[in-house]
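Here are three short exercises to work through with the model open beside you. Try each task before reading its solution.

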Amino acid sequence: MSELNRIALKIISSGKGILAADESNGTMTKRLESVNVKSSEENRLKFRSILFTSKNMMDCIGGVILYDETIRQTFEGKTIPEIITQTGAIPGIKVDTGAKKLAKSENEKITEGLDGLRERLKNYYNLGARFTKWRAVYTISDQFPSKLAVETNAHALARYSALVQEAGMVPIVEPEVLMDGKHSIEDCFNKTSEVIKKCFDALIFQKIDLKGVILKPNMILPGSNSNKKYSTEEIANLTLKCLMNSVPSEVPGIAFLSGGQTETEATKNLDTINKLNKSKFIMTYSYGRALQQSALKYWSKNTNDVSGTQKIFNHRAKMCSMAALGKWTEQIEKA
Ligand code: 5MM
């Protein structure tokens with residue numbers, strides 16, 4: 001087994017998943033201000049260190065994606081990567097520098113961050129990171145995502161992956177087809193399938209070791225402004241069909257983003273995916289909002305209540321872990 005494959009499996013096996021705590025300062029400011037907390041460097045560290053020192057990190061979290069600011073911070077005399085490593089999880093780092101306007105397309109984005117990446121990766125490795133993340137975003141409409149957006153983002157994801165593997169780390173490849181819009185679930189299925197296939201075409205062309213990659217896709221859902229409702233079984237079946245048809249079998253696992261689903265929806269959908277999963281792919285979570293939302297809301301009422309905040313995060317992490325094993329139920333959710 002290669003070292004990259006070993007790292008990938010350690011992050012996502014045995015009911016473990018990923019805590020996506022890599023909000024850029026812009027996004028973190030929005031999250032904190034939405035609960036009336038000032039977005040200072042100190043407050044960002046305060047909230048995140050509460051999560052990283054929670055009891056259920058040990059059993060439920062295999063990897064934590066950090067932002068550049070956080071990977072350099074210390075808490076009670078230890079670096080953040082040291083704190084994460086002590087829980088048995090692997091520290092990771094977001095290395096893209098954000099989605100910017102794609103030239104020659106109206107309203108579409110290309111993710112940037114390739115310039116100087118080789119040097120930045122060396123630095124992150126020395127700081128303790130063993131995996132990385134790069135997120136491409138795509139919108140669905142009549143004409144989007146365009147071929148231009150699909151091809152250029154796939155190319156960038158593959159160039160990023162090649163540099164990351166060269167640096168001895170596992171790339172998380174995150175092509176996020178956004179939920180925003182009125183589109184149907186079939187549109188989400190078709191566009192997501194196309195996007196993922198193009199990503200793997202580019203990864204294979206650029207000689208990426210697929211056993212050392214984790215895919216972080218969206219689930220197959222109707223647009224957030226579509227008024228059609230689907231059962232969790234329909235969502236799970238379409239998500240599985242999409243991934244089975246577009247992900248090469250060498251890839252060890254898939255860690256879904258939550259993408260604006262509520263905590264319970266993201267958990268229930270993942271659980272049903274695992275109950276129905278007949279493939280050899282591990283299916284787990286790489287959630288940001290769906291792991292942090294309730295904990296953040298509670299913490300904002302009293303930012304010194306560490307144990308109360310951790311209790312909420314521990315429950316959420318446990319529910320996600322049960323879902324990654326296909327063992328979640330409504331009863332344990334409410335217990
Ligand atoms: C944690 O949120 C990340 C946001 O990064 P930016 O601040 O650069 O936009 C995001 O990439 C996240 O990792 C994934 O979208 C998954 O998060 P959700 O909340 O969708 O589970």
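A residue counts as near the ligand if one of its heavy atoms lies within 4 Å of it. Keep in mind that this is a predicted model.

**Exercise 1. Find which residues come nearest to the ligand, and look for polar contacts.**

Step 1. There are 18 residues around the ligand, and Ser24, Thr27, Lys133, Ser258 and Arg289 come nearest.

Step 2. Now turn to the ligand's oxygen atoms. One lies 3.1 Å from a side-chain N or O atom of lysine 216, and one lies 3.4 Å from a side-chain N or O atom of arginine 135. In glycine 288, a backbone N or O atom is 2.9 Å from a ligand oxygen.

Step 3. Consider the ligand's surface: alone it exposes 500 Å², of which the protein buries 91%.

**Exercise 2. Sort residues of helix H7 (117-126) into buried and exposed.**

Step 1. Leu117, Leu121 and Tyr124 are buried. Down the axis of H7 they fall within an arc of 65°, so they line one face of the helix.

Step 2. On the other side, Glu119, Lys122 and Asn126 are exposed.

Step 3. The cover over the buried residues includes helix H5, strand E5, strand E8 and helix H8.

**Exercise 3. Work out where the buried residues of helix H10 (232-246) lie around its axis.**

Step 1. Among the buried residues are Ile235, Leu240 and Leu243.

Step 2. The buried residues of H10 cover an arc of only 160°, which puts them on the same side of the helix.

Step 3. Their packing partners include helix H9, strand E11 and helix H11.

How values were computed. Residues numbered from 1 in each chain as written. Predicted model: local features only at pLDDT ≥ 70, side-chain atom pairs only at ≥ 80, totals over all residues. Heavy atoms only, no water. Buried < 20%, exposed > 50% of the residue type's maximum accessible area, 1.4 Å probe, protein only. Helix = DSSP H or I, 4+ residues; strand = E, 2+ residues; numbered from the N terminus. Arc of directions from axis to C-beta. Contact = heavy atoms within 4.5 Å. Polar contact = N/O pair within 3.5 Å; in protein donor to acceptor, adjacent residues only side chain to side chain. Areas by Shrake-Rupley, 256 points an atom, 1.4 Å probe, with all protein chains shown as cover.
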